[in-house]
Amino acid sequence: MDGCQDPVLLNDWHVVGFDRDIKTDTLYPVRLLGRDLVMWRSNSGQVQVWEDLCVHRGAQLSKGSICDNQVVCPYHGWRYDESGRCTLIPSAPDEKPMIKARAFPHHVCERYGLIWTCLGEPSSDVARFDEWHDPNFMTVLAGPYHFKANGFRSLENFLDVSHFPFVHGAYNGVASKPDALNRYKVEMTERGLVSSEIRVMQPGGDARGVPIMSNYTFSVYRPLVGHFVKRIQDIDEKGSVVEGYDTHYATYCAVQPIDETHSTLWICGALDVKPAPAEKAVVDRYDVIFEQDRQIVETQKPERIPADLRYELHHWTDLMGQRYRRWLREMEVSYGTL
Ligand code: FES
Ligand SMILES: [Fe+2]
């Protein structure tokens, strides 16, 4: 197989689509870790992710069609059922196809409205997103956002606070008056890296468009899955915190590594801010923020993230990024890193 040979990433779960977007009558080409895949939904409702390759002569199955709940190869019309078994060779319709005539399926699961696949054997479960299940939280899906950038660079940006005033001025910070960051800690827990709270003032931090004080806790659970929850405190006209009305805004970011220098970000949001904003306002805000991020992250050089801390310059305010890179290095992630 071409593409990624990195066991850490091959044995991890990666998002390849929103569950809501996948219809039963369509073949979806997908690219993951430099490999071409085909995704489709059979009549049972189950989503399938296979290598985009016909075992007969190597044609791309995604260029074929679906007929009677089977994938039809575009070249000689061999048909594959949802178990991946070839059921028909049209040029010899009375013969039972040989056992070796099979598609190459991968593990698939659905979580948080996302379709995940694993190209190897899953080394762990999909990273948890606890706020998603809290009945007091509204939930939204946003993206996908396509970055012509390395997946680790994209996720590190998601974990980075000191860019807020400059990249997201008027939303997440004020460029003319950037907040000095408090000293924070990053701990390795059994679920991954977790920061202590980082406090910043945000002129429009939560889709209601009002100034707030945000206290961020960042986590990175898997090499390409990050999460933050910000504890929100409303502030009055003088900028003082209005105590006793804390709300929360959580974002879960799963990065699909298309290849070493391209990535797609799939976003789940969960928030209990009051009054609850319209779903469209939340999604529109994500669209603005991730577009601002994209414009910066696509310019970063070298494109592959330097996991070796001797490269690039690190400051204590970047502790989360430093620990993320060191963790990638400890796990010996090689695909997409330097
Ligand atoms: S290559 Fe698929 S049927 Fe021949
Ligand atoms: Fe950002």
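1. P275 sits in the loop that runs between strand 18 (262–271) and helix 4. In this predicted model, the peptide bond joining K274 and P275 is cis, with omega about -5°. A second cis peptide bond links G143 and P144, where omega is about 0°. P144 belongs to strand 11. Most peptide bonds are trans, which is the reason to list these two sites.

2. The iron ion (ligand 2) has as its donors H163 (NE2), H168 (NE2), D293 (OD) and D293 (OD), at 2.0 to 2.6 Å. The angles among the 4 donor atoms run from 55 to 149°, and the site is irregular. Along the sequence, the donor residues follow the spacing H-x4-H-x124-D. H168 is in the loop between helix 3 (164–167) and strand 12 (186–189), while D293 is in helix 4 (residues 279–297), so this pair ties together parts that are 125 residues apart in sequence. H168 and D293 are both buried.

3. D293 also appears in the packing of helix 4 against helix 2. Two packed helices are described by the angle between their axes and the distance between the axes. Here the axes of helix 2 (residues 151–158) and helix 4 come within 11 Å and cross at roughly 130°. The two helices are therefore oblique to each other. The crossing of helix 2 past helix 4 is right-handed. On the helix 2 side the contact is made by R153, S154, N157 and F158; helix 4 supplies F290, D293 and V297.

4. Most residues other than glycine have a negative phi. L33, which is not a glycine, has a positive phi of about 55°. L33 is placed in the loop between strand 2 (28–32) and strand 3 (35–41). Its relative accessibility is 0%, so L33 counts as buried.

5. Is E312, another residue with positive phi, buried or partly exposed? Phi of E312 is near 65°, and the residue is not glycine. E312 lies in the loop between helix 4 and helix 5 (319–330). With a relative accessible area of 34%, E312 is partly exposed.

6. L119 is located in the loop between strand 10 (114–118) and strand 11 (138–147). At 11% relative accessibility, L119 counts as buried, the cut-off being under 20%. Leaving aside residues up to four places away in sequence, L119 touches L10, L32, L33, R35, L37 and H106. L33 of point 4 is thus one of the residues that L119 touches. From L119 to H107 the C-alpha to C-alpha distance is 6.8 Å, and the two are 12 residues apart in sequence.

Note on methods. Residues numbered from 1 in each chain as written. Chains lettered and ligands numbered in written order. Predicted model: local features only at pLDDT ≥ 70, side-chain atom pairs only at ≥ 80, totals over all residues. Heavy atoms only, no water. Donors = N, O, S within 2.8 Å, 3.2 Å for Na, K, Ca; no water. Tetrahedral: all angles 85-135°; square planar, octahedral: opposite > 155°, others 65-115°. Helix = DSSP H or I, 4+ residues; strand = E, 2+ residues; numbered from the N terminus. Buried < 20%, exposed > 50% of the residue type's maximum accessible area, 1.4 Å probe, protein only. Axes fitted to C-alpha atoms, helices over the stretch in contact; angles between N-to-C directions. Parallel < 35°, antiparallel > 145°, perpendicular 65-115°, else oblique. Left-handed = near helix turned anticlockwise from the far one by under 90°. Contact = heavy atoms within 4.5 Å.
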